[in-house]
Amino acid sequence: MAGTSLKQPSIRLKKPAAQLAAEFAQLSDFDGVASFLEVTLYQLYHHTHAGQQYTYVSLPKKYGGFRNIQAPIVGLKMIQHKLNQVLQAVYAPNSVVHGFVEDRNVVTNAAAHSPTRYILNIDLDKFFDTITFARVRGMFTATPYRKNAVIASILARICCYQGVLPQGSPSSPVVSNMLLGRMDSQLKLLARSYKCT
């Protein structure tokens with residue numbers, strides 16, 4: 001059709017990380033969040049207040065059973081990608097965190113453990129389900145982010161679905177890392193006290 005564009009909106013913000021972090025620190029209202037994430041007020045409101053914004057996918061696990069993934073619809077996913085980019089700019093990961101951190105991965109994690117005789121590997125059952133809307137909202141109101149109630153609530157609404165962090169959201173990994181920073185530090189101290197890595 002003449003005069004229409006089928007071009008998809010960008011899922012990346014075209015600003016350097018330092019600028020994103022500085023602008024994130026200044027957010028104070030709903031309109032500011034929409035502008036910052038380069039979406040309309042309607043889009044932000046619709047994707048954070050409307051009904052069903054997710055589809056369900058069941059994937060087989062490596063050792064049996066299934067993992068249920070809640071995948072956001074395209075518009076919400078675009079907003080979550082942008083928020084993920086912003087949160088990566090403001091989050092300073094602990095040195096022991098390798099999951100979902102730029103320039104770190106399973107290989108860099110394994111490198112620290114490769115000369116050891118024993119390795120303990122654990123998987124937390126229903127991990128994302130334990131991260132609630134209240135915890136995410138509380139994280140944004142607490143130090144170091146210190147967002148007001150309006151901003152903290154809208155950011156938590158972008159991140160959460162049915163009161164918890166959905167496993168299929170692009171922003172869930174960084175949010176879980178941010179929330180569990182204290183646990184990472186505690187596990188690091190525990191390991192050190194037993195002469196473990």
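Trainee: Which residues does Lys188 touch, not counting residues up to four places away in sequence?
Mentor: Lys188 touches Asn94, Ser95 and Val96, where contact means heavy atoms within 4.5 Å. This is a predicted model, in which local features need pLDDT of at least 70, side-chain atom pairs count only at pLDDT 80 or more, and totals for chains, interfaces and linings use all residues. Residues are numbered from 1 along each chain as its sequence is written, and side-chain values use heavy atoms, with hydrogens and water left out.

Trainee: Which side chain makes a polar contact with the side chain of Lys188?
Mentor: That of Ser95, at 3.1 Å. A polar contact is a pair of N or O atoms within 3.5 Å; within protein, one must be able to donate a hydrogen and the other to accept it, and residues adjacent in sequence count only if both atoms are side-chain atoms.

Trainee: Switching to Lys147, is that one buried or exposed?
Mentor: Lys147 is buried, meaning under 20% relative accessible area with a 1.4 Å probe, protein chains only. Lys147 has no salt bridge, that is, no side-chain nitrogen of Lys or Arg within 4 Å of a carboxyl oxygen of Asp or Glu.

Trainee: Where is the nearest side chain of opposite charge, then?
Mentor: That is Asp29, 11 Å away; Lys and Arg count as positive and Asp and Glu as negative, while His and the chain ends are not counted.

Trainee: So what lies 2.8 Å from a polar atom of the Lys147 side chain?
Mentor: The backbone oxygen of Phe24. Contacts of Lys147 beyond four places in sequence include Phe24, Ala25 and Leu155.

Definitions and conventions:
Buried < 20%, exposed > 50% of the residue type's maximum accessible area, 1.4 Å probe, protein only.
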